[in-house]
Structures are given as C-alpha cells and as structure tokens.
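Q: Please take a close look at one part of this model. I want to know about its empty spaces, with one pocket to start from.
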Amino acid sequence: MKSPIALFFLMICFAITAVGQQLNGKELLQSSAENISKSKAFTYAAKYRIKYFDNTDTTEYLSYNCEILKVPTDTVLGYFARLFNQNEERIYNGYEFLMIGHDRKGVIKDSPLITGKKFAKNNIRRECIPSFLYSEKPFSGYLSDGIDWHVSEVILDATKVWKLDFSLPTNEEITLLNISVYIEPETMYPVRVETFAKFQDIQDEYSEVWLKNLMPGDELTPDSFASLPYPDDYKVDIFMPSTMNFDLLKIGTPFIPFEAVDMDGAPQRVDQSTRQGEIILLDFWHLACAPCLRAMPKLEELYKKYRSAGFVVYGLDAFDNPTQKQETLQKFKTKMDISYPLLFSDKEMASKYLVKSFPTIYIVKDGKIIYAKVGYTEESMQELERVIVENINN
C-alpha cells in the first residue's frame, strides 16, 4: 500500500500532466497578447543575457528598471521609454534621446528627428524592451508561424507558471529556431522569453529576457518621459552622426602583402610577387557575419571552377581567434565544404584594406587591385564571376 505522501505526489504529477494535455499553447499566448493589448504602458525590471556561437556560458546580464509607453504614431521607436539602473539612465521621449552616465558623469544628447533613427535604436537597449510590449499585435509572428506547441507547468522564482514551447520556420541560414515563453497564470503576462537558434548547424545562440514585476503603467503619460535633471558638473556631448569614410581601396592600388596564420596556427605570408600570373581574391569575413556565410558557397564554386586557370581565393578573418575557436572553425569549414585557405590576420591588416563592413571582397591581378566590393547579393556574385573570366589569361 502506498503512503499518503507518495499518493499526494502522484496526484500532483497527474494534475500537471493533465494540465499539459488540456491547455493549448497557442490559445494561451493569444490570451496573453490580448491582455497586453489592453494596456498602453508598462513598468518592469528587465534582465537580459545572450550566449552565442562557441561561448560555453555567459553570466553577464543587462539589467534595467523600465518604463514603456506605447506610441504607435512615433516614427523612431514606436514607444517612449526610460531605462535606468544605478549607473545610468536612457530616455527617449519622441523628440530627444539621452544617455545619462552617472558612473562617468556624462550626458549624450541626440535629436533622432534631426540625425535619424539609428543612434537611438542602437542605444536604447532594445534587448530589454520586447516588441510584444509595444506592438499593436503582440506575438503576431509567433502566433502565425509557431509550430509544434507544447505546454507544461514549471516553477519560476518560486511561482508556478505556464511554459509554452514551440518552434518557428527555418531556412538555409537558420536551421533551428525554438522559443519558450513563460506566462504567469493570474495576470497572463509573460515573465520570461527564451530563444535558441542554430546557424548553419554550426553555431548556437541562446538568449533570455526576464520581465520581473511586469504591470500596467497606468500613471505614465508622455510627460513622464521628459528629460531628467542631472548635476551641473556632468559633461554634456551632443551626438553627431558618423562621418566615417566607407570607401575601399581604389582600383589600381598596389597589393598590400600580409602575414597571417592558418587554421592550425602555422604562419603564412601572402605576397603576389610569389604568385605571378595568378588572380587573387581576398574575402574579408568572420563567423558572426550572416552575409559572409551566404557568400562562401559561391566563392567555393568559383574557386573550384577557375583554380586550374590560376584563380586563388583567401578567406581572411581578423576577428575570430583560431586557437580559441579551432573546434568551431574546423566544424564550420567541414560543414561549408570550403577547400580554399582560411587565414586569420589581425585588425591592423583589415584596417590597411579599409575593411569596415563584411564581407569585403578584393580581386588582385599583376600586383594591383582590379575590383573592390562590400556586401553579398546574387548580382554581386555574378559580377564577380564576370571580372574573373575577363581577367583570366588576359
């Protein structure tokens, strides 16, 4: 005969299993979306972290207290926001964006309506402001595209919550995309969202955002986001858009020899004086660059097609340390089926070639640059092949 304690636990397990079978994850998320839509503003404490690629763990979190007011007519962010912790405050109120750094005793001011949206968007800490909090249709992408839904009851911060697990459609670049949303049953608000993605079946990315004490911010109005006073001794800087020159080396510029290491750490020197008559393609890339990964199969195809005619390709990575990431890089090269050399240089070498965006591709012939291009498109790859064909044996 089973003890009363054993029977109690059996009943709990049965109840949890029954809940998982009866509840519909999509319907629960729809209910949460409808509840979120009822409020125009929210207050909460956010905590965000991300673990990506070959990093085994990341315990460093972004942590902010947040106030969000939905403003569908706003063309910069779609909401007003104030994020703050003991070190800083970030405020956007529709006409001004401020970063007040208490630890550095400084202020950066910007007017997005004058300089454009980019600075505010990049610095408001959007990781801590999930889109479902200000979207006119919360969770719309999840609800329309989510598949393989599963519901369970779990304990989170000593509170019983519903955990909704589901997947989103994949493609050649993202081969796995799983989502977990934790919903507090009483309020029907999400308290945590986790995302796990696999890129090219090679690199993993995991992110999580916690929304603690999420509640309607009924007291918040546009005036709540007015610029806060700060001490007179704080240094104030007005943001100025970057004047960075994104031009590449000009056609006709002499080839710049360089030294690098291969995947085994062996030193390599590339100097066209030792490769007379060959056409050299330099592809500046790195592991976290999605357009780079899309370009590589085409570069491999061109390499195999024209190497017998003196065409050489070097994949140059100035960001990933081959010693620290050797296992990931080897897995990457095998998965991508790359046979041309992957070399690892330093940022100084990339700077000499004016590399500021990826992929950056140069073609060199007779010691001079004959082609330079940034980015990946199908059209640019076709253009690349035309340049190679025109210059082979000419």
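Which residues lie nearest the centre of the second largest pocket, and how many residues line that pocket in total?

A: Glu184, Val191, Leu211, Lys212 and Asn213 lie nearest the centre of the second largest pocket. In total, 13 residues line it.

A word on the model. It is predicted, so local features need pLDDT of at least 70 and side-chain atom pairs count only at pLDDT 80 or more, while totals for chains, interfaces and linings use all residues. Residues are numbered from 1 along each chain as its sequence is written, and side-chain values use heavy atoms, leaving out hydrogens and water.

Now the terms. On a 1 Å grid over the protein atoms alone, a pocket is an open set of points with protein on both sides within 12 Å along at least five of seven lines; a cavity is a set where a 1.4 Å probe fits but cannot get out; lining residues have an atom within 4 Å of a point.

Back to the second largest pocket. Its space comes to about 300 Å³ (the volume filled by probe spheres set on the grid points, which are joined across faces, edges and corners). Three strands each give two or more residues to its lining: S8 (159–167), S10 and S11. Strands here are DSSP runs of E, at least two residues, and helices are runs of H or I, at least four, numbered from the N terminus. S11 supplies the largest share of this lining, with five residues. By type, seven of the lining residues are nonpolar, three are polar and three are charged. Charged means Asp, Glu, Lys and Arg; nonpolar means Ala, Val, Leu, Ile, Met, Phe, Trp, Tyr, Cys and Pro; the others, Gly among them, are polar.

Compare the largest pocket. Its volume is about 360 Å³. Its lining has 20 residues. Pro130, Ser131, Phe132, Tyr142 and Val193 lie nearest the centre of this one. Strands S10 (189–199) and S11 (203–216) give two or more residues here, and helix H5 (140–145) does too. S10 and S11 therefore turn up in the lists for the two pockets. The lining of the largest pocket holds ten nonpolar residues, six polar ones and four charged ones.

One residue of S10 deserves a look. Arg192 lies in that strand. Its relative accessible area is 12%, so Arg192 counts as buried (under 20%; exposed is over 50%, and partly exposed lies in between; 1.4 Å probe, protein chains only). Along the chain, Arg192 and Glu153 are 39 residues apart. Their C-alpha atoms are separated by 14 Å.

Next, the closed space. The count comes to one cavity of 30 Å³ or more. The largest cavity has a volume of about 30 Å³. It is lined by Ile361, Tyr371, Lys373, Gly375, Ser380, Met381 and Leu384. Strand S19 (368–374) and helix H9 (378–391) each supply at least two of these residues. H9 gives the most, with three. The lining of the cavity divides into four nonpolar residues, two polar and one charged.

Some backbone details sit in loops. Phe358 and Pro359 are joined by a cis peptide bond, with omega at about -10°. Pro359 is found in the loop between helix H8 (347–352) and strand S18 (360–365). The loop between S18 and S19 holds Asp366. Asp366 has a positive phi of about 50°, although it is not a glycine. It is exposed, because its relative accessible area is 56%. Lys105 also has a positive phi of about 50° and is not a glycine. That residue lies in the loop between strand S5 (97–101) and strand S6 (106–110). Lys105 is partly exposed, because its relative accessible area is 46%.

Finally, the whole protein. Its secondary structure comes to nine helices and 19 strands. The C-alpha trace spans about 80 × 70 × 35 Å along its principal axes. Of the 394 residues, 46% are buried.

To return to your pocket: Glu184, Val191, Leu211, Lys212 and Asn213 are the residues to find at its centre. S11 is the strand to follow there, because it gives the largest share of the lining.
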